[in-house]
2 protein chains.
Amino acid sequence: MMSSKDIAKIAGVSRSTVSRVINNYKNVPPETRKKVMEVIEKYNYRPQMSGRVLSGKKTNTIGIFVVSISPENDSFYKLNLFNNNYFGPIVDAIIDIANANGYYTIVKIIYKKEDYSKLIDTFAEKRIDGGIIIGLNRKENIIFDIAKILMPFILIHYDENYLFKNINSDVPFGIVSTFDYEAAIEATDYLISHGHKKIAFVSGRLNNYSAYERLKGFFETMKKNNFEIKKEYIIFGNYLIYKTHMEIKKLIEQTKDLPTAIICANDDMALETINTLKTYGIKIPEDISIIGFDDIPFANLSSPTLTTMKMPLYNMAETSFQFLDNLLKGKTNHFFKKFNLTLAPRESVKKISWKNKFAIDFFLL
Amino acid sequence: MMSSKDIAKIAGVSRSTVSRVINNYKNVPPETRKKVMEVIEKYNYRPQMSGRVLSGKKTNTIGIFVVSISPENDSFYKLNLFNNNYFGPIVDAIIDIANANGYYTIVKIIYKKEDYSKLIDTFAEKRIDGGIIIGLNRKENIIFDIAKILMPFILIHYDENYLFKNINSDVPFGIVSTFDYEAAIEATDYLISHGHKKIAFVSGRLNNYSAYERLKGFFETMKKNNFEIKKEYIIFGNYLIYKTHMEIKKLIEQTKDLPTAIICANDDMALETINTLKTYGIKIPEDISIIGFDDIPFANLSSPTLTTMKMPLYNMAETSFQFLDNLLKGKTNHFFKKFNLTLAPRESVKKISWKNKFAIDFFLL
DNA sequence: CTGAAAGCGCTTACAG
DNA sequence: CTGAAAGCGCTTACAG
C-alpha cells in the first residue's frame, strides 16, 4: 500500500508538502495542491490513522461503553445489546448521532468486573479521544481510574452527587441522568390516586443507580402514606426477563394476598409480569394494575397497552454526545443534565372503584 | 503518559525487553518478566495502539458498516439504527458477538453515496482489520473498490452470483444472505392456499437486494397462477414507515377495488399498513389479510399478531462474525451461507371462505 | 537471554 | 512556499 513517501516521490515534492495538502494548510499554492491531489486520487492514497495519531492527531473516534454486570454471575443472565430495550436503543442513537457528526464510534461491552480493565485500556491505548459510559454500577470506583487518564468522558445514569464530591475538578467529564427518584414517586402517587394501597415493586438490579433511586422513591412514598410494604411485595427482577418470570411465579404461588398493583422498574419486566400473570388467569388491569418505566415501542402495542414512565432515550443520547463533543473541542466545564420522566397513562392501570375500595377498607378493619 | 521507554528505564531493562514482556515472548526469564510487570502495574502503563499498529500489529478491531441510502434524498426519510428493526438488532448482535470474542467494533453508517468514501477510508486508513457490510445496494460497484484493498470483508444480503462472477479470486471475502426469492414465493403461495387472488405487495427500496428478490418472487408466483397484478397493487414503501403510510392512504382513497391480502417486504411496513387500514375502519384479517417479513419482536404482540416470514438475524450475525474471524485468522476460502426464512403463521391472515370465494369468482365473471 | 538500531507512516517546528 | 530532520511509541531481526 502507498505511503506519503511514495506519493511525494511521484508528485515530485517532499513528504512535508504531501502532509500539508492532506491537512489543508493554507500556505500551499493551488498548483502544488492540485499536482499532489491528482497523485493521491490516482493511487487512492489515504493516510494511515496510526501514523497520524502517533504524531499527535486525534483519533476522531469516541468510545461507547455498555457496562452490563449482573449480580448473578451466570452467562445465562447476560444482558446483551441485542433484544435489550435500554442499552440497544441508546447505543444505536449515539452511534447515529456521532456518525452524523463525523465521528467514528467504538462500542465495547463490559460483562464482568474483570473486564473493567478493557474499558480503561480503550482510553489508555488511545483508541479513542473520549467516551460515553452507560450502566456503570452505582458508586463504582472504577470511574476514578478512568478520571486519572484525563480524557473526556460522559456518564449516563450515575449518581452526580457522589461524583462531584469525589472527583478532581480538572477532570473533563459530564453526566446525563434522569429524575428516577421523582419518577418513582409520581408512579406510586398515580396508583394511590387510583385507589391502590397494596402495591408491589419489581426492582432492577440495585447496584444500578436508577434502579436504586426508583425503589427508594417507591419506598418513601408508601411510607409517607402509611401503607404497608410487605416483604414479598419487593421483587427482584434485576432487569432480567427470565428472573422476573420466576419471581412473579413465586409471588403468585406462595402469596395468598396478591397486590392490586405492581410497579416495574422497566417495561421489559412489566410486560413479562403481565404475561406471567395472564398465564395464571389473572386479568390486567381488572385484577392487577401495572406501571412500567421506559416507554419502549412495545408499550403502546401490547395488550393491554402499558402505562409507563417515559424515558427520553434519544434526547439523552443527543445531550451525551453534545457534552462529549464540547469537551473534545476543549471546553473545560463540567456538564450536567438531568431529564424528567413523564407519565404515559394507558390501559394497564385501573381505578379501583369506590365499591371495591370500600370492600377492601372494610376487610382491613 | 508513560511510554515503553519510561518503563524500560525504571525497570532497568531495554525497550526490547519491555516489548517482549508485553507480547508474551517465551524467551524472557520469570524474574525479568516479574520485574517489568511490576513497573507496568505500578504505573498503569498500557502500550499505545498506534505505535503497535505502525510496527505491524493488528488493530483487533472490526468495522460494521450500515449502508442506508434511500432513493429519496431527504433527511426526513433517513433510516437510522435507532428504532429500526433490521439494522439495529443485527448491528447490536454483531457488537455483542464480536465483543465476546475479544474484538473492538467500529460502527459506521453510510447515508449517502458521497459517504461511500468513508467506508473505504475506514479500511484504507487501517482503522480496522476487516469489516462486515450490511445493506449495500444491489450490484453496487463500490464493492470492487473495497476488494482492491485486499482486507477481509463480509457482505450481508448481497447478490452472490454477481459478486462471485465479477470479483478477483484472491480477494478475502464472505457472503451471508437469505433465500428471499423463495420466501416471497412461500408467502404468496400461503395466501393463495388461503383463497386469496387479489394480492398487493408493499415493496422495500428496489436498489436493495432482498427487496428486489422478494418482489420478484411475488411477481412470478402471481404470474404462474395466472392472477392479475394491478399496477396500483405494487406499492413502494421503500422500508420507510412514513412512505408506507402515505402510499397505503393513496391505495385506499384512489382504488375502488381493494386487495384481499397484502404482502409487505418487512414487518415495520406491515404494522404500519395495518395501522393505516384500521384508521379507515378496515378490519384485519376480516377484510384484508397481511403478511410481513422479519418477525420482529412486535410481530408476536401486535393486534392482530402478525403472520410473517421469520429472518434469523442473530444466526446471520453469528455466521458473519465467524466468517470474518476465519478470514482474519488467515483462512483463504470464500465463505458463503444462505439462510432460509420460515413462515410464522399468526392471526393476520384469514382463509377466505368458499362462500366468499364463490362470490368473488362470480363477481369476476 | 538481551540490547542497540532500524523502521513502521505520519506531522511539524525550523531554517531557508 | 518548501524540504530535511526529528520525533511520536511501538516491534523485531540481528548480533552477541
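This short presentation covers the arrangement of two protein chains and a DNA strand in a predicted model.

Good morning, colleagues. I shall begin with the relation between the two protein chains. A turn of 180° with a shift of 0.0 Å along the axis lays chain A on chain B, and the RMSD is 0.0 Å. The two copies are thus related as by a two-fold rotation axis. Both copies are served by the same surface, since 100% of the contact residues of chain A recur in chain B.

Next, the sheet. Both chains contribute to an open sheet of 12 strands with mixed pairing. Its order is β11(A)-β5(A)-β4(A)-β3(A)-β1(A)-β2(A)-β2(B)-β1(B)-β3(B)-β4(B)-β5(B)-β11(B). In that order, β2(A) stands beside β2(B). What stands at the edges? There we find β11 (335–339) of chain A and β11 (335–339) of chain B, each with a single partner strand, so one side of each is left without a neighbour in the sheet. On average, and with direction ignored, neighbouring strands are turned by 15° against each other.

For one pairing in detail, I turn to chain B. Strand β4 (residues 153–156) of chain B and strand β5 (residues 173–178) of chain B run parallel and are joined by 4 bridges. Within this pair, L155(B) is placed opposite I175(B) of β5(B).

In chain A, helix α13 (residues 313–328) lies across β1 (61–67), β3 (130–134), β4 (153–156), β5 (173–178) and β11. The helix runs at about 170° to β5(A).

I move now to the N-terminal helices of chain B. Helix α1 (residues 4–11) and helix α2 (residues 15–22) of chain B pack with their axes 8 Å apart, at an angle of about 105°. Angles of 65 to 115 degrees count as roughly perpendicular, and α1(B) and α2(B) are therefore roughly perpendicular to each other. From α1(B), the residues S4(B), K5(B), I7(B), A8(B) and A11(B) meet R15(B), T17(B), V18(B) and S19(B) of α2(B). By character, the residues of this contact are 4 nonpolar, 3 polar and 2 charged.

Finally, the DNA. Which residues come nearest to DNA strand C? Of the 27 residues around the strand, they are S4(A), S19(A), G51(A), S55(A) and S14(B). At least two residues of this surface are supplied by each of α2 (15–22) of chain A, α4 (49–54) of chain A and α2 of chain B. The largest share, 5 residues, comes from α2(A). The surface near DNA strand C divides into 15 polar, 7 nonpolar and 5 charged residues.

Thank you for your attention.

Conventions: Residues numbered from 1 in each chain as written. Chains lettered and ligands numbered in written order. Predicted model: local features only at pLDDT ≥ 70, side-chain atom pairs only at ≥ 80, totals over all residues. Axes fitted to C-alpha atoms, helices over the stretch in contact; angles between N-to-C directions. Parallel < 35°, antiparallel > 145°, perpendicular 65-115°, else oblique. Contact = placed C-beta atoms within 7 Å. Nonpolar A, V, L, I, M, F, W, Y, C, P; charged D, E, K, R; others polar. Pairing = 2+ DSSP bridges. Near = placed C-beta within 6 Å. Least-squares fit on C-alpha atoms with pLDDT ≥ 70 in both.
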